[in-house]
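Student: I would like to learn how to read a structure like this one, feature by feature. Could you guide me through it?

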2 protein chains.
Amino acid sequence: MAEIYYSQEIHGPYETLNLGDFDLEDGGRIRNLTLAYATFGKLSPKKDNAILFPTWYSGTSKILELAYIGKGRALDPSRYFIILVNQIGNGLSSSPHNTPSPFNAAAFPRIQIGDDTRAQYKLVTEKFGIERLELILGGSMGAQQTYDWAVRFPRAVKRAAPIAGLAKGTPHNRLLVETFIEAIASDPAWDGGWYSHAGAVHRGLRRHARLFAAAGFTPSLFNEAGWRDLGFTTAADFVTAFVENHFLPQDPNNLLLLLSKWRDNDVSRIAGGSLEAALSGITAKLFVIAIEEDAFFPLSDIEAEQKLIPKSELKTLSSAWGHLALFGTDPAYNERIGAYLKELLAAG
Amino acid sequence: MAEIYYSQEIHGPYETLNLGDFDLEDGGRIRNLTLAYATFGKLSPKKDNAILFPTWYSGTSKILELAYIGKGRALDPSRYFIILVNQIGNGLSSSPHNTPSPFNAAAFPRIQIGDDTRAQYKLVTEKFGIERLELILGGSMGAQQTYDWAVRFPRAVKRAAPIAGLAKGTPHNRLLVETFIEAIASDPAWDGGWYSHAGAVHRGLRRHARLFAAAGFTPSLFNEAGWRDLGFTTAADFVTAFVENHFLPQDPNNLLLLLSKWRDNDVSRIAGGSLEAALSGITAKLFVIAIEEDAFFPLSDIEAEQKLIPKSELKTLSSAWGHLALFGTDPAYNERIGAYLKELLAAG
């Protein structure tokens, strides 16, 4: 199923860029690191209309496109050149399931957010010759990549919008991500990553999906049947048809790689271990956007980081869809996030 | 380990009452149903100073005693006759692990909250001859029993204080409890309930404990290291030494029985399926107490029920310990809950 899911038919059209040998923060190396990306709109002659939008956990460029891009929206291809880049391990870029032996599956090297942003920097600067992004934005793990870009490449980022994510994982967030990891890895069929086929681990993927649903949406979404607008029949039907269905075709090792990257995220490594030094060195204009009901990345944690960033504003919005409002299922969220992004893009 | 844990040495002293054959709401029968309970103080000649306090999930009478009872506190044995009663399945009262074959372990019948309250009613009225409780209170699953008492036996309840719990489980709460169930039952060593010994299921119990910790406390407790006051060294040390350590000596089938009872809780069954009818029929004076940060039983869900209860007041308190402030680890919670209970006990 993973081969069918991670395909041009389902998630395309997308391009790929082979970056050759790529040395990793944790000491490993990916041979023929491939980034999959999709672009929308045209790069201006001055190359001053580029937006970069990396994926979140289990997301793809196609999922971002459907939820955020369109004429008249903030990310308008008639005005901007938008690059949707798939993070390493998401199944379209280099990932455990599509890497040849001996670095396949459980032998795929450990990845950090900084590996993604360094690879994306090559895509942006070497492939497209863009020196400065008008905007980088991302939700959840995409926010982690957004923060890493703003800290690591200050001259290449004019504006940034990290949405529902943190620059440095909190102890609680790490515990939460550990529970997601355990839900998959505890399935005996996972077998240390050497399962016969991805579908064999469906029990673990289903458990993982239910944990994700229980904390990713808000209690009120379930209790007020907010899923009715999308055509589901019961809370259980919604969880299976929407959340389990999202994860079941994906590769367990891919998801586990993404989860370990999510868990270990910490921009302070770029600044000798000081989060204050890392965030105070950001020169971009930032809208730090938080979902008030977010149980993955609580508002108070996001606000604590925002206060350390010089040219930043905290922007909040409310959604019964909680953290997973990112997916674009809530019209009110879509409208509000669009307004924030337009405001940021108009800021000098 | 379960035999050592569920003992007079660890959780005593407690008494037991054998209720003989006891028919269950779901159609089963417990032979020689035994309720374990502990009493404090003296029953007045008029029998008008009795307080009943049933246990929460994985709690025992000893845990309640240590957290809530003492001279000068709201539950003062020099003034009140306090009965701490262990719910069915908690390991001290009749439970899967202490019931002889053929109804042992996975063959123990399914239990509902109403089975507990009907058995407790016999303890209160037949054993002690008490016609009316001055107060019934309980936290979490204890709140479920408190609501059931108030609906089922209105003339036997003068005052009630359900704390951090609901009269009818919400769809979200059921999903959450399902994830706890799955964390244990997914351990291959659980083997449908027919494990060789309770310790064999420790991986499932540890996963369950970590899920419990991630949602049971607040993010800020972890992120601000609120566990330091209790002498733990890191977030991981706290989770293992406090939460895993709490659950590991307990019997997996006992915990699963309690979880299914928690999940299915619904007082509306007493009133033909109408929650409004059930709650509007309560005649006791109620303080409905909610913990503002509670992720198991959100304030908004508790408030929605409270509004349906005639002589009730909503009382809220705040704790970084979230739902698990019930355990008495937060001095501010202890002080506030004590003040609320004193106020309720003084109300006419």
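Tutor: We will go from the single chain to the pairing of the chains, and then to some local features, keeping in mind that this is a predicted model.

Student: How many helices and strands does chain A have?

Tutor: A count of helices and strands is a convenient way to begin, and for chain A the count is 13 helices and ten strands. The radius of gyration of chain A is 19 Å, close to the 20 Å that the globule rule gives for 348 residues, so chain A is as compact as a globular protein of that length. Along the principal axes, the C-alpha atoms of chain A fill a box of roughly 50 × 50 × 40 Å.

Student: By what turn and shift can chain B be laid on chain A?

Tutor: The idea is to superpose one copy on the other and then to read off the movement that was needed. Here a turn of 180°, with a shift of 0.0 Å along the axis, lays chain B on chain A with an RMSD of 0.0 Å. The two copies are thus related as by a two-fold rotation axis.

Student: Through which surface do the copies meet?

Tutor: One can compare the residues that each copy brings to the interface, and in this model 100% of the interface residues of chain B are also interface residues in chain A, so the copies meet through the same surface.

Student: How many residues are in contact, and what area is buried between the chains?

Tutor: Contacts and buried area are two ways to describe an interface. In this model, 21 residues of chain B are in contact with 21 residues of chain A. The area buried between the two chains is about 1,900 Å², and carbon and sulfur atoms give 69% of it. On the side of chain B, the residues that lose the most area to chain A are His172(B), Leu175(B) and Asn223(B), which together make up 27% of what that side buries.

Student: Which polar contacts and salt bridges link the chains, and which elements of chain B take part in the interface?

Tutor: Between chain B and chain A the count is ten residue pairs in polar contact, and two salt bridges are found across the interface. One salt bridge joins Arg210(B) to Glu182(A), with the closest N and O atoms 2.5 Å apart. The elements of chain B that give two or more residues to the side touching chain A are α6 (171-185), α7 (202-216), α8 (219-223) and α9 (235-247). The largest share, six residues, comes from α6(B), and the residues of that side divide into twelve nonpolar, five polar and four charged.

Student: How many salt bridges does the structure hold over all chains, and where is one within a chain?

Tutor: The structure holds 39 salt bridges over all chains. Within chain B, the side chains of Arg118(B) and Asp115(B) meet in a salt bridge, at 2.8 Å from N to O. Because these two residues are three residues apart in helix α4 (residues 113-127) of chain B, Arg118(B) and Asp115(B) are separated by about one helical turn.

Student: Which peptide bonds are cis, and which residue has a positive phi?

Tutor: Most residues other than glycine have a negative phi, and most peptide bonds are trans. In chain A, a cis peptide bond with omega of about 0° joins Gly12(A) and Pro13(A), and Pro13(A) is found in the loop between α2 (8-11) and β1 (15-18). In chain B, the peptide bond from Ser101(B) to Pro102(B) is cis, with omega near 10°, and Pro102(B) lies in the loop between β6 (81-85) and α4. Ala164(A), although not a glycine, has a positive phi of about 50°, and Ala164(A) lies in the loop between β8 (159-163) and α6 (171-185) of chain A.

Notes. Residues numbered from 1 in each chain as written. Chains lettered and ligands numbered in written order. Predicted model: local features only at pLDDT ≥ 70, side-chain atom pairs only at ≥ 80, totals over all residues. Heavy atoms only, no water. Contact = heavy atoms within 4.5 Å. Buried area = accessible area lost by both parts, 1.4 Å probe. Salt bridge = Lys/Arg side-chain N within 4 Å of Asp/Glu carboxyl O. Polar contact = N/O pair within 3.5 Å; in protein donor to acceptor, adjacent residues only side chain to side chain. Helix = DSSP H or I, 4+ residues; strand = E, 2+ residues; numbered from the N terminus. Nonpolar A, V, L, I, M, F, W, Y, C, P; charged D, E, K, R; others polar. Least-squares fit on C-alpha atoms with pLDDT ≥ 70 in both. Rg over C-alpha atoms; globule rule 2.2 N^0.38 Å.
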